[in-house]
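Trainee: I'm new to this one. Please pick a single part, look at it closely with me, and then show me what else is worth finding.

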Amino acid sequence: MTRSLSALAGAGALAAVLTFAAAAPAGADPNNVIPIPALNGIHGLPNLPGPTKAVFQVTGMDSPNRTQNFNVLGTDLGIMWDDGHGRMITAFGDSAGLGFPNLLAGSIWAWTSNVLFRSSTHDPANGIIFEDVVPNPLPSPKIPGIEISLIPTAGISVGGVQYMSMMSVREWGDHGKWHTNFATLAVSHDRGSTWTPLTHTRRANVDGHENFQQNAFLKTGGYIYRYGTPSGRNNPGFVSRAKESDIANIDAYEYWDGKAWKPGDAKTAAPILGGVAELSVMWNDHLGQFVMLTTDPFNSVVMRTAAAPEGPWSEPRVLIEARALPTAYAPMIFPYQTGRDLYFMVTQHTQYNVLLMRTPL
């Protein structure tokens with residue numbers, strides 16, 4: 001990594017922030033987190049029962065990546081994709097650091113809405129090592145009721161050009177719920193170093209597009225499949241698709257109505273499954289099936305499989321029981337094939353950082 005941390009103003013400032021953080025309540029709102037291991041009481045990897053194991057701390061002060069050196073003390077999501085040139089981009093969401101606090105949101109942390117790390121790791125057995133960082137590439141005003149965050153929900157490379165799907169969060173709601181203004185694409189032509197919002201791709205939270213506020217991408221058969229859910233968790237899931245060349249043409253998408261693909265009208269989309277959140281979808285050579293990861297209504301991490309991108313999808317297989325790793329969410333699939341082992345990232349909200357997991361297929 002080449003960018004040095006500039007926001008750490010000295011031991012006195014850090015001590016003052018930690019004093020306030022120790023008193024901050026925990027909750028579903030990402031502003032109310034304590035990403036400091038000494039204060040949140042979480043050290044080391046969780047010891048999980050069953051076949052799924054935690055293998056590496058990806059972010060935070062306990063991570064070999066030492067993301068606090070880039071003012072990322074805590075973060076979430078970990079959306080991974082190959083950039084078309086053999087390197088992996090990982091997009092994280094709301095990231096807590098030190099600096100001027102976000103007082104409008106009632107937080108003592110300095111927040112950014114997104115951060116990207118890049119890596120050449122193709123074999124994650126010993127972890128994922130980041131090589132450089134793109135801090136806050138798509139800033140948000142962070143004003144409650146206008147836009148409290150601009151968060152990545154999916155990423156993909158098409159012809160060596162990078163696309164991220166972003167959700168504009170207007171305000172946080174009750175546990176597992178939030179309200180969005182719109183979903184949109186952003187594009188990068190320099191392997192993720194700089195990004196431009198594509199305002200013509202905005203999907204306002206109406207007219208069927210409310211079902212595509214959070215996304216997952218899948219590239220197969222010349223199409224980009226764009227899975228969607230309403231904002232928040234424990235929602236139905238939907239799917240649309242467009243030719244790869246039309247990824248940024250909102251009018252070119254077709255929507256699965258349960259029997260066939262229907263062009264043009266998002267309101268024709270029918271649910272392909274229910275009770276899901278923060279989807280991740282990928283073809284798996286070992287299984288010869290498409291694999292979908294999500295959390296279920298009980299907050300367990302589950303996997304489904306299907307022979308076709310639109311399904312039908314199998315009954316869920318539980319990979320991590322909610323009681324074994326409370327507050328886990330956003331299971332994101334590692335983009336390179338790893339044989340009979342499936343690697344994925346998951347966020348643990350109680351420490352507000354991201355872990356790498358491995359499960360046998």
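Mentor: We'll start with how far to trust the model, settle on one strand, and then visit some loops and cavities.

This is a predicted model, so local features are kept only at pLDDT of at least 70, side-chain atom pairs count only at pLDDT 80 or more, and totals for chains, interfaces and linings use all residues. Numbering runs from 1 along each chain as its sequence is written, and side-chain values use heavy atoms, without hydrogens or water.

The predictor's confidence in each residue, on a scale from 0 to 100, is called pLDDT. Its mean here is 92, and 92% of the residues reach 70 or more. Residues 1–28 are below 50, though this stretch still has 43 contacts in the model beyond near neighbours in sequence (a contact is heavy atoms within 4.5 Å). Where pLDDT is low, don't read the predicted coordinates in detail.

Now for the close look: strand 20, residues 301–306. Strands here are DSSP runs of E, at least two residues long, numbered from the N terminus. Six of the six residues in strand 20 are buried, so the rest of the structure largely encloses it. Buried means under 20% relative accessible area, exposed means over 50%, and partly exposed is in between, using a 1.4 Å probe and protein chains only. Look at both faces of strand 20: one carries Val 301, Met 303 and Thr 305, the other Val 302, Arg 304 and Ala 306, and all are buried.

Who are its partners? Strands pair if DSSP finds at least two bridges between them. Strand 19 (residues 289–295) pairs with strand 20 in the antiparallel sense over six bridges, with Thr 294 opposite Val 302. These two strands make a hairpin with five residues between them, and in that turn Asn 299 has a positive phi of about 75 degrees. Strand 21 (residues 317–320) also runs antiparallel to strand 20, joined by three bridges. Val 302 turns up again here, standing opposite Val 318.

Follow the chain into the loop between strand 20 and strand 21 and you come to Pro 312. The peptide bond leading to Pro 312 from Gly 311 is cis, with omega near 10 degrees.

Two other backbone spots deserve a glance. Ala 330 has a positive phi of about 55 degrees although it is not a glycine; it lies in strand 22 (residues 328–333) and counts as buried because its relative accessibility is 0%. Asp 207 has a positive phi too, near 55 degrees, but Asp 207 sits in a loop, between strand 11 (196–204) and strand 12 (214–220), and counts as exposed at 52%.

Lastly, the empty space. A cavity is a set of points on a 1 Å grid, over the protein atoms alone, where a 1.4 Å probe fits but cannot get out; lining residues have an atom within 4 Å of a point. Points are joined across faces, edges and corners, and volume is the space filled by probe spheres set on them. The whole structure has three cavities of 30 Å³ or more, and the largest has a volume of about 100 Å³. Its lining has 13 residues, with Met 282, Asn 284, Ile 333, Phe 334 and Leu 342 nearest the centre.

Conventions
On a 1 Å grid over the protein atoms alone, a cavity is a set of points where a 1.4 Å probe fits but cannot get out, and a pocket is an open set with protein on both sides within 12 Å along at least five of seven lines; lining residues have an atom within 4 Å of a point. Helices (H or I, at least four residues) and strands (E, at least two) are DSSP runs, numbered from the N terminus.
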